[in-house]
4 protein chains.
Amino acid sequence: MSDVLQAMRDVVVANRILAREGVVDAYGHVTVRHPDNPERYLMSCSRAPELVTLDDIMEFTLEGEPVDDSGRVPYAERFIHGAIYEKRPDVNSVVHNHSHAVIPFGVTGVKLRPVIHVGASIGADIPVWDIRDRFGDTNLLVVDMEQGRDLADCLGPNRVALMRGHGCAVAGVSHQQSTMTSVYLQVAAELQAQAMRMGEVTYLSDAEIEHCSATFTSEISVNRAWQYLRHRAGVSDL
Amino acid sequence: MSDVLQAMRDVVVANRILAREGVVDAYGHVTVRHPDNPERYLMSCSRAPELVTLDDIMEFTLEGEPVDDSGRVPYAERFIHGAIYEKRPDVNSVVHNHSHAVIPFGVTGVKLRPVIHVGASIGADIPVWDIRDRFGDTNLLVVDMEQGRDLADCLGPNRVALMRGHGCAVAGVSHQQSTMTSVYLQVAAELQAQAMRMGEVTYLSDAEIEHCSATFTSEISVNRAWQYLRHRAGVSDL
Amino acid sequence: MSDVLQAMRDVVVANRILAREGVVDAYGHVTVRHPDNPERYLMSCSRAPELVTLDDIMEFTLEGEPVDDSGRVPYAERFIHGAIYEKRPDVNSVVHNHSHAVIPFGVTGVKLRPVIHVGASIGADIPVWDIRDRFGDTNLLVVDMEQGRDLADCLGPNRVALMRGHGCAVAGVSHQQSTMTSVYLQVAAELQAQAMRMGEVTYLSDAEIEHCSATFTSEISVNRAWQYLRHRAGVSDL
Amino acid sequence: MSDVLQAMRDVVVANRILAREGVVDAYGHVTVRHPDNPERYLMSCSRAPELVTLDDIMEFTLEGEPVDDSGRVPYAERFIHGAIYEKRPDVNSVVHNHSHAVIPFGVTGVKLRPVIHVGASIGADIPVWDIRDRFGDTNLLVVDMEQGRDLADCLGPNRVALMRGHGCAVAGVSHQQSTMTSVYLQVAAELQAQAMRMGEVTYLSDAEIEHCSATFTSEISVNRAWQYLRHRAGVSDL
């Protein structure tokens, strides 16, 4: 299989996994950087992630221009992805989602930080971006490169940025990493919220976050989890 | 397909989606205004929404008289729907439900207000109607036009009214809008409840609610979500 | 079909519905009074409710003696049922369950009371029975008639009694009523717990509980809900 | 069937049940002591529990050396199991999991203790092990016998030890007991967390825990629950 066809399949699989795990519903998207051209990325046309198929995958420039739309309608918020690829050459996949567990952290200013080793890949520092700070009252969507770049600046060198009243952006070296980080961001948020209601919380230390993140983004760990996530999403044969 | 047959199918689809999303259980209903006669509306006979089929759809006058019942038993609370259609010419579909996430707001007086953009279609102002205020101790059901009109007055120009100890009424320009607003009302209520337990909450501003509501009730957004909701409910071919 | 065969089928259907709705798991049971002999009741042999079939249904005296066990092992806690039938000629079906939502009320002394009309059939007064009060440190199970009668005394004229650290007993005039009351007891408990975390709660008034309970235990309401519950449990044809 | 083949099947069944009940996700494992050689144990190769089949089951020495790996990759944390078998001749099965409900207790120091009879098999005393106490900042995994033995020391004569920021270890006389204790540990943790939010909690007394634990680990109780858990996991024929 050509690299680009494989990458297109990866986008489909990541969409279906995110839908199965409840990270996305009718909205949310995942992209991968084009394997042959780092100035391009691959993304579904505007469709709920659970329904994405190979025919939906389009190619975009980093500025968000479709290379060949063939009549397909792109997502309004594709600029989140291009702006992060532009700023972060280390990133090869981006997820944008509205995971319910994550929203309360974005609207309360409570700092999200891993309480469990499998959540460590979200990192020790998770900034919160508020579109209102620079763009005033909007529909909260990231609809051009200026907004996308502002979000990417806020993300900085981290894996996750929360978006106030909206959701989050998650960056990874691969589609597996961005997808799994999104899944375990949800787990980490739920567990932190529960633990905080119970009493004083012991978080992972900075060094533990680094060690655990290395472990859970290692090839053996990713392979085991990916096989499981594909199975659950019914895409083991994709 | 004739407009009225299409409208009847819409009622079936909306019922099945509301059941799939956990907005309704054995109880709750959704109607659409008759496409050819604004003084009539279409509604299932008394049956759990998950089980509604085309044969169950009946036609009612706004006063709640069945046009031809063919032996079918109507819902006792149909007056919620007729009273809202009577007062609100802009409304073409109404949902009544007991969504669990919404109930606590109705019985505590805590103001429900969107904390997330996808919830903005519920609006900035959500009144709470208490049947006891005018009708004393009842079984809480809206069983005649006088009670229905009192609820419709409380609803006013808004999309959602909560009903103390009972549920809510949701009005939309279309069956998609009333259904999706019901689904995201549930999401908004859950997220607000979670956020409030965590700390001081930043709600969407009035202007953000207006902008977000326009976006999430736009044709492209509704189409994407509707395709997803139909798929999940197993009614893609209806 | 003979009355007794129908009653045996009712026991199977009620078991499967309670399992589907998460009211029971590996444990819990439901019985009906024998239709031809009020001094007997029908109950499955010791088996998880989800797996109960017609062959499992046994007949017991009110004292808990099997009429013909055919080698089948009875539930250790059958005395809950016989003791309630003995004391309450109006009761024709009893459910015993460990529904998770209900447990916290039994161990904290927080008074359970309906906040929603569909929960009204649980009644305005729900006593809590603590086996320790009369029987000291036990395995918490009701294993003889003396314990069963003590529980039945605590239940008094009510539909529901909580059992501290254990679960609850639910009495109804029919298997539909005991089953549906168990399902909506669970709903009522969840909603009250959520509402209490949010602020001061407005409960249904005593008169509202009476009116709502009459409505939701009426034939039309029960029929609609029962059709739905049978469908969800996959026993529409039983 | 030979004892060892039966034991291998038991490992498969226990894995699938733990996955079905949400005790494990992509991670977590269960082992049984070798029926013919107490110095050995049986464990799947590194694979998500939901996907484990008979071909994945490997034999290990208590030190964690594979007897014949046939190219299969072992779990990094197998030392949890060997160290417990070494210290506890009464234990014939061990589960390690990250059950979400349990994590908050490990990171807050809130004492976990049964509030419901079915949870009594977790015992009255549940210690919390923090790998940081002796091993400093790590990836939190138990990757050698020294760490495993330290955890086993913390476990002592108990059935359950929590692991701070990580999960728990559960020991049983059989695979049914370790699996069911893991399932009901999850239930006990959820119910205690809910009850604590509601008010002052009455826990089971020490004597009640002993009586209830004896009841719910008895053959008749285990058989009923095991039949149910196998059915739900779709492994009734294994």
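Two residues are in contact when they have heavy atoms within 4.5 Å of each other. With that in mind, let us see where chain C meets chain B in this predicted model. The contact draws on 34 residues of chain C and 32 residues of chain B.

Some ground rules help with reading the names and values. Residues are numbered from 1 along each chain as its sequence is written, and chains are lettered from A in the order in which they are written. Local features need pLDDT of at least 70, side-chain atom pairs count only at pLDDT 80 or more, while totals for chains, interfaces and linings use all residues, and side-chain values use heavy atoms, with hydrogens and water left out.

**Where chains C and B meet**

Buried area is the accessible area (1.4 Å probe) that two parts lose on being put together, summed over both. Between chain C and chain B it is about 2900 Å², and carbon and sulfur atoms give 62% of that. C:Met198, C:Arg224 and C:Tyr228 supply 26% of the area that chain C buries against chain B, more than any other three residues.

What holds charged side chains together here? A salt bridge is a side-chain nitrogen of Lys or Arg within 4 Å of a carboxyl oxygen of Asp or Glu. Across this interface the rule finds two salt bridges; in one of them, the side chains of B:Arg132 and C:Glu208 meet at 3.0 Å, N to O. There are also 11 residue pairs in polar contact, both residues at pLDDT 80 or more. A polar contact is a pair of N or O atoms within 3.5 Å; within protein, one must be able to donate a hydrogen and the other to accept it, and residues adjacent in sequence count only if both atoms are side-chain atoms.

Helices (H or I, at least four residues) and strands (E, at least two) are DSSP runs, numbered from the N terminus. On the side of chain C that touches chain B, α6 (175-198), α7 (206-216) and α8 (219-233) each supply at least two residues. Of the elements there, α6(C) gives the most, with nine residues.

**A helix in chain B**

Helix α6 (residues 175-198) of chain B has 24 residues and reaches 35 Å from its first C-alpha to its last, close to the 34 Å expected at 1.5 Å a residue. That expected span is 1.5 Å times one less than the number of residues. Of the 24 residues in α6(B), 20 are buried, meaning under 20% relative accessible area, with exposed over 50% and partly exposed in between (1.4 Å probe, protein chains only).

**Two serines with positive phi**

A:Ser70 has a positive phi although it is not a glycine, and B:Ser70 likewise has a positive value in a residue other than glycine.

| Residue | Phi | Loop | Relative accessible area |
|---|---|---|---|
| A:Ser70 | about 45° | between β3 (57-61) and α2 (79-87) of chain A | 51%, exposed |
| B:Ser70 | near 45° | between β3 (57-61) and α2 (79-87) of chain B | 51%, exposed |
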